[in-house]
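Here are some worked exercises to help you find your way around a new structure. Try each task yourself, then walk through the solution.

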Amino acid sequence: MSGPRRKVLFVASECLPYAKAGGLGDVVSALSKELVRRGDDARILLPLYGSIDRRRFGIEPLQPICVHMGGEEIWAGICRGTLDGLVPVYFLDHGGFFGGRDVYGVGAAYDFDVRRFAFLSRASLQLALDLGFVPDVMHLHDWQTSLVAAYLSDLPPGFEPLADTATVLTIHNVEYQGKFPADAFPWIGLPPDAFRPDRIEDFGGLNLLKCGIAYADALTTVSPTHAREMTGEPGGHGLGAMLAARAADTVGILNGVDDDVWNPEIDSMLPARFAVDDLRGKFECRRTLQHRFGLEERHDLPILGVVSRFAPQKGFDLLRDVLPGLLDAGLVQLCVIGSGARHVEDFFRALASVHPGRAGAFFGYSEEGAHLVEAGSDFFLMPSLYEPCGLNQMYSMRYGTLPIVRATGGLADTVSDHDPRTGAGTGFVFVEATAEAAADAIGRAVRCWWEKPSHVARMRRAGMALRFPWSVGADLYERTYERAIAARRARDEAPEDGDA
Ligand code: ADP
Ligand code: GLC
C-alpha cells in the first residue's frame with residue numbers, strides 16, 4: 001500500500017514533545033511518525049532551543065556543521081535524537097541563535113528571528129550534504145523555513161547533489177508571514193533578483209512566507225476549506241492573489257489526530273480513562289477538573305472549556321457579552337487555559353474573580369491541563385474568526401466534549417451542527433463572525449444540555465466515534481511529494497528563460 005521509500009526531510013521550528021507553541025508542533029510530530037510507519041525515510045531538523053531537555057530526550061552530539069551566511073562561516077553542532085523510537089531528529093545547536101528558552105522572539109527580539117530561521121534554513125542544505133542524506137523532498141512549514149525553497153532554487157557550488165530535491169511548503173497559518181526590514185537581505189544570501197515583489201520583497205521589506213510561496217514546488221494548507229479561503233481576501237492576509245495564482249499547485253490536507261497522544265482510552269495524563277461505551281472515567285475527569293479550577297462540584301451545570309493561544313484569530317472578543325451573562329445567571333461553569341493578548345487574559349481573569357466556584361482560569365502553558373480540560377468539559381469553545389485547521393475541536397470530539405465553533409476553515413470541515421429535530425450532529429456551529437451569532441450558538445448548546453440530554457448523549461457518541469486518522473493525511477502528502485518531485489524535474493528540463 002505504501003509507495004516507494006521516499007526520503008523526506010522536515011525542516012521545522014516546532015515538534016512535539018521537544019518544542020511546541022501551537023498546532024504546528026503536533027502536526028510535524030504526528031505526520032513524520034505516520035510517514036515512517038508507512039515505510040518512508042522521514043527525518044526532522046529542528047533548532048536545539050535552550051528549553052529542550054537533552055537528557056530527558058536522549059539527545060546526543062553527532063558532528064559539527066559549518067554554514068556560510070553573509071560572507072561569514074558560522075559553526076554549530078548537530079545533535080541527534082529519535083522521536084518516539086521512530087523518527088530520526090537532528091537538532092541544530094547554536095547557543096547564540098537558539099540558546100534562549102523561547103521558540104519565537106517576542107517584541108524587540110522578533111527582528112532577530114529572520115537571522116535565526118534563515119540560519120536554520122541554510123543549515124538544512126548543509127546537513128543533507130554532510131550526512132549524505134539527499135532528500136527527495138524537503139517538507140517546509142510556515143515562514144520560518146520557507147527560505148529553504150529559495151536556497152534550493154539557486155544552489156551554490158558544491159551543493160549539486162541537491163539539484164533534484166523538491167520542496168513542499170505547508171502553510172499552517174498565512175497570517176504569520178515573517179515580515180522583516182530589508183537590511184537582513186544581503187546576510188540571508190539570496191541572489192539579488194530574489195528581491196522582487198513576486199518573490200521576497202514586500203512593501204520595501206522582506207516577507208519570508210511570500211518567498212516560500214514563490215519558490216516551493218508544491219504548496220499545501222491544513223484543510224480543504226482553508227485552501228479555498230486563502231486564495232482570496234481577507235483569507236489570504238494580503239497574499240490571496242499570489243496564492244490564487246498557484247492554486248493548481250496547492251492542496252488542502254486536513255490535519256489528523258495523533259492517536260498515541262489524544263486517545264481517552266489510553267491517555268496517561270488523565271486521572272481516569274474512558275471510552276464511548278463507558279463514560280465513568282469522563283465524569284471522574286470532570287470532578288478533577290472542577291477541583292483543579294476551584295469550581296463547585298456541580299453535576300447539573302455544563303462546563304465550558306477553553307484551551308488556546310489568545311491571538312485575535314481565535315475570536316474570544318465575540319464572547320465578551322455572552323459569558324458574563326451566562327455566569328451571572330448561574331447557568332454554566334467555565335475552565336480556561338491559555339495565554340497571549342493581555343486584554344483576553346484580563347477578561348477571563350475578571351470572570352474568574354467575579355464568579356469564584358463557577359469560573360477558573362490558568363494563564364500559561366500546560367500540556368496536562370489541556371488534556372484535562374478536553375476530557376472533563378461538556379462543551380469546548382472555539383469561536384475563531386479564521387482557523388486553517390484547528391486541532392482542539394477534533395480532540396474535543398474524541399473526548400466526548402461538544403465543540404462550539406464558527407464555520408471557518410478546518411472547523412467547517414470537521415464539526416457538524418446540532419439538528420434540533422433528530423439530535424444528529426457533533427457540535428454547535430455558527431456562521432457570522434458576530435457576538436450575536438456566537439451567543440446564539442452557545443445559547444443553543446446550553447439549552448440543549450438542559451432540555452434535550454438525550455441529544456447531548458447522542459452527539460457525544462457521534463463525536464467520539466469520529467476518527468481523523470493521520471493515515472489519510474499521509475496518503476495525500478505522499479501524493480503531493482510525488483507531484484513536487486515531478487514539478488522539480490520538469491523545471492530542470494525546461495529550457496532556461498533567463499528569468500525563472
Ligand atoms: P493553533 O495552532 O492556531 O494554536 P490548533 O488548534 O491547531 O491551534 O492547535 C493548538 C494546540 O496547542 C493544541 O494541541 C492545544 O491543545 C495546544 N495549546 C494551545 N494553548 C495551550 C496551552 N496554554 N497549554 C497547553 N496546550 C495548549
Ligand atoms: C496553525 C493554525 C491551526 C492549525 C495548526 C496546525 O497554527 O492556526 O488552525 O491547526 O496551525 O496545522
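**Exercise 1. A long-range pair**

Is R37 buried, partly exposed or exposed, going by its relative accessibility?

*Solution.* Before starting, note that this is a predicted model, where local features need pLDDT of at least 70, side-chain atom pairs count only at pLDDT 80 or more, and totals for chains, interfaces and linings use all residues. Residues are numbered from 1 along each chain as its sequence is written, chains are lettered from A and ligands numbered from 1 in the order in which they are written, and side-chain values use heavy atoms, with hydrogens and water left out.

Step 1: get the cut-offs straight. Buried means under 20% relative accessible area, exposed means over 50%, and partly exposed is in between (1.4 Å probe, protein chains only).

Step 2: apply them. R37 counts as partly exposed because its relative accessibility is 45%.

Step 3: look for a partner. R37 forms a salt bridge with D260, and their closest N and O atoms are 2.9 Å apart. A salt bridge here is a side-chain nitrogen of Lys or Arg within 4 Å of a carboxyl oxygen of Asp or Glu.

Step 4: see where the two ends sit. R37 is in helix α1, D260 is in the loop between β12 (250–252) and α9, and the pair links distant parts of the chain, 223 residues apart. Helices (H or I, at least four residues) and strands (E, at least two) are DSSP runs, numbered from the N terminus. D260 is partly exposed too, at 43% relative accessible area.

**Exercise 2. Two more salt bridges**

Find the salt-bridge partner of R246 and that of D300, then classify the residues involved.

*Solution.* Step 1: R246 pairs with D249, with closest N and O atoms 3.0 Å apart. R246 is buried, because its relative accessibility is 15%, whereas D249 is partly exposed at 27%.

Step 2: D300 pairs with R298, and here the closest N and O atoms are 2.8 Å apart. D300 is partly exposed, with a relative accessible area of 35%, and R298 is partly exposed at 24%.

Step 3: place R298. You'll find R298 in the loop between α9 (280–292) and β13 (303–310). Leaving out residues up to four places away in sequence, R298 touches R286, Q290, Q333 and R358; contact means heavy atoms within 4.5 Å.

Step 4: zoom out. The salt-bridge count comes to 38.

**Exercise 3. Where two domains meet**

Describe the contact between domain 1 and domain 2.

*Solution.* Step 1: find the bounds. Domain 1 covers 7–256 + 471–493 and domain 2 covers 280–465; such bounds come from an automatic or database domain assignment.

Step 2: count who takes part. Domain 1 puts 19 residues into the contact, and domain 2 puts in 16 residues.

Step 3: check the area. The two domains bury about 1400 Å² between them, 52% of it on carbon and sulfur atoms. Buried area is the accessible area (1.4 Å probe) that two parts lose on being put together, summed over both.

Step 4: look at the pairs. One salt bridge is counted between domain 1 and domain 2. The side chains of K20 and E367 meet in a salt bridge at 3.6 Å, N to O.

**Exercise 4. A threonine in a loop**

Is T165 buried or exposed, and what does its side chain come up against?

*Solution.* Step 1: T165 lies in the loop between α4 (147–153) and β7 (166–171).

Step 2: T165 is buried, because its relative accessible area is 1%.

Step 3: a polar atom of the T165 side chain lies 2.7 Å from the backbone oxygen of P135.

Step 4: beyond residues up to four places away in sequence, T165 touches several others, including V134, M138, D217 and R488.

**Exercise 5. Backbone oddities**

Which peptide bonds are cis at P17 and P234, and what is phi at D142 and H237?

*Solution.* Step 1: the bond from L16 to P17 is cis, with omega near 5°. P17 is in the loop between β1 (7–11) and α1.

Step 2: E233 and P234 are joined by a cis peptide bond with omega about 10°.

Step 3: D142 isn't a glycine, yet its phi is positive, about 65°. D142 is buried at 8% relative accessibility.

Step 4: H237 has a positive phi near 45°, and H237 is partly exposed at 27%. H237 sits in the loop between α7 and α8.

Key: A polar contact is a pair of N or O atoms within 3.5 Å; within protein, one must be able to donate a hydrogen and the other to accept it, and residues adjacent in sequence count only if both atoms are side-chain atoms.
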